[in-house]
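Welcome to a short tour of a metal site, a ligand pocket and one helix residue. Please have the sequence and the 3D view open as you read.

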Amino acid sequence: MQQGSFDFATPPSQQSFAPGAWFLRGFACDQTEAVSMALAAVVAAAPFRHMHTPGGLRMSVAMSNCGTVGWVTDERGYRYLRHDPVSGAAWPAMPFAFAQLAERAAAAAGYPQFVADACLINRYEPGARMTLHQDRNERDMTSPIVSVSLGLPATFLFGGLARTDPTQRLSLAHGDVLVWGGPSRLCFHGVLPVRDGTHARLGRCRLNLTFRKAG
Ligand code: MD3
Ligand code: FE
């Protein structure tokens, strides 16, 4: 039994758990091989790195990006950039397998014609986590964010529009997809420290892809 206030073992596998937010259980399962192959090419060109928050803290999550813009953080703040600050080159192009998955997931959640221009790739090794935050650096707040989980499972936290609102927990597994739009777009959310384990395909790590319309 998974955590949270919904019974995710019960069909249908597409459930709305907050206004505008959808959990598409296993939606990416038949595409994880194609997505993993494309991902390997992206991170060969733009390797994972641990960025620093504006306050100087090293993030436990390692990140990369693909698309026309990529999300970065450093002492100058959080923002999207057209170039990878490590290499100075443009971010790798969005692979077709990524764009197609994001568009299909958004459509399944009632957001047709979603065209992501950015994909932030998060790599969690055991112990890595993401503290409660809002995603508010994207220029277009009317587009949803689509998130795809791969590898080790994680407990995802989602709250309300204020940091102190109560949070609910959701277990995310390999191939699960979340779509956040409308009133849920600015909800606080985070990820508890990933527990140690070994995933059959991805080893000792969890990967999360978030597709955004940012530029
Ligand atoms: C709810 N990533 O990259 S994905 C992030 O699992 C981020 O790596 C987490 O939060 C991860 O910013 C969570 C689920 C998610 C992503 C974006 C959201 C939930 C969201 C944007 C708005 C509301
Ligand atoms: Fe986020």
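## A helix residue under cover

A residue counts as buried when its relative accessible area is under 20%, and as exposed when that value is over 50%. Keep in mind that this is a predicted model.

Let's start with T32, which sits in helix α1 (residues 32-45). Its relative accessible area is 8%, so T32 is buried. Setting aside neighbours within four places in sequence, the contacts of T32 are L150, H174 and G175.

## The iron site

Which residues coordinate the iron ion (ligand 2)? They are H133 through NE2, D135 through OD and H189 through NE2, at 2.0 to 2.2 Å. Along the sequence, these donor residues follow the spacing H-x1-D-x53-H. D135 and H189 bring together distant parts of the chain, 54 residues apart. D135 lies in the loop between β7 (130-133) and β8 (145-151), whereas H189 belongs to strand β12 (residues 189-191). Both D135 and H189 are buried.

## The pocket around ligand 1

Now turn to ligand 1, which has 19 residues around it. The closest are N122, Y124, W180, H189 and R206. You have already met H189 as a donor to the iron ion (ligand 2).

Polar side-chain atoms also approach oxygen atoms of ligand 1: one from Y124 at 2.6 Å, one from N122 at 3.0 Å and one from R212 at 3.1 Å. On its own, ligand 1 would expose 500 Å², and the protein buries 98% of that area.

Technical notes
Residues numbered from 1 in each chain as written. Chains lettered and ligands numbered in written order. Predicted model: local features only at pLDDT ≥ 70, side-chain atom pairs only at ≥ 80, totals over all residues. Heavy atoms only, no water. Donors = N, O, S within 2.8 Å, 3.2 Å for Na, K, Ca; no water. Helix = DSSP H or I, 4+ residues; strand = E, 2+ residues; numbered from the N terminus. Buried < 20%, exposed > 50% of the residue type's maximum accessible area, 1.4 Å probe, protein only. Contact = heavy atoms within 4.5 Å. Near = heavy atom within 4 Å. Polar contact = N/O pair within 3.5 Å; in protein donor to acceptor, adjacent residues only side chain to side chain. Areas by Shrake-Rupley, 256 points an atom, 1.4 Å probe, with all protein chains shown as cover.
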